[in-house]
Amino acid sequence: MTDAVGHGTSEVRDDAVVLRFTLEFVRPVHQVWPAVATPAGLRGWLADADPLEARLGGAVTLRWLNAGAGGRGAVAEGTVTAWDLEHVAEYTVAGHGRVRFHLAPAGTTNGTVLRFTNEVPRAGEQDRLSRLAGWHQHLEHLADALEGRPRDASAWTPDR
């Protein structure tokens, strides 16, 4: 297994776009889970999560770490729409739609398969491509954070 982020896929529906990535990590689920389901873990690669009420129906606010054009990243408020400890963390937040992390053991290797899904309202082709590229970059940051090499999100730009 590798921590490299492969190409994502997208499915265009009548009213939504669904982006998907599958990643394999060489660490067990209990080590990957905190990175996608706790404020400290999310802060290491994606967003400040405050609040993050770790339960179905709980409140969540994500403040993206990337600064973009000089300011803090986007702020997205929403709800925890799926929660199964060490298996599924799903957040539905304004502007970013449904963001789902599904973790499963990877066969007999003691690793983890992470199936990432982002479902957003359908917009133009440029938006679909931008979101696909953006999530690819964020998931690269996740892989680096899990390896103890967090990236400086303030250096993020929309050029990817």
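How does W83 count at 22% relative accessibility: buried, partly exposed or exposed? W83 counts as partly exposed, because 22% lies between the 20% under which a residue is buried and the 50% over which one is exposed. Keep this tryptophan in mind for the first view; the model shown throughout is a predicted one.

**View 1. W33 and W83 meet edge-to-face.** A search of the whole structure turns up six aromatic pairs, and here is one of them. The ring centres of W33 and W83 are 5.2 Å apart, and the planes make an angle of 65°. Since planes over 60 degrees apart count as edge-to-face, that is the label this pair receives. The two partners come from distant parts of the chain, 50 residues apart: W33 belongs to helix α1 (residues 29–37) and W83 to strand β5 (residues 75–84). W33 has 6% relative accessibility and so counts as buried, while its partner W83, at 22%, is partly exposed.

**View 2. W45 pairs with F101.** This pair is also edge-to-face, with 6.0 Å from centre to centre and 85° between the planes. W45 sits in the loop between α2 (39–43) and β3 (47–52), whereas F101 is part of strand β7 (residues 97–106); the pair therefore ties together parts that are 56 residues apart in sequence. Both W45 and F101 are buried. Step back a little and you will find these two rings in a cluster, linked through ring pairs with F21, Y91, F116 and W135.

**View 3. Eight strands make an open antiparallel sheet.** Reading across the sheet, the order is β1-β2-β8-β7-β6-β5-β4-β3. β1 (9–12) and β3 are the edge strands, each pairing on one side only. From one strand to the next, the twist averages 25°. At the β3 edge, the partner is strand β4 (residues 59–64), joined in the antiparallel sense over four bridges. To find your place here, look for A49, which stands opposite L62 in β4.

**View 4. Helices α1 and α3 pack on the sheet.** Helix α1 touches β2 (16–25), β3, β5, β6 (88–93), β7 and β8 (111–121). The direction of α1 makes about 170° with that of β7. Helix α3 (residues 125–146) has its contacts with β1, β2, β4, β7 and β8. Compared with the direction of β2, that of α3 is at about 20°.

Key:
Residues numbered from 1 in each chain as written. Predicted model: local features only at pLDDT ≥ 70, side-chain atom pairs only at ≥ 80, totals over all residues. Heavy atoms only, no water. Phe/Tyr/Trp six-rings, centres within 6.5 Å; stacked < 30°, edge-to-face > 60°. Helix = DSSP H or I, 4+ residues; strand = E, 2+ residues; numbered from the N terminus. Buried < 20%, exposed > 50% of the residue type's maximum accessible area, 1.4 Å probe, protein only. Pairing = 2+ DSSP bridges. Axes fitted to C-alpha atoms, helices over the stretch in contact; angles between N-to-C directions. Contact = heavy atoms within 4.5 Å.
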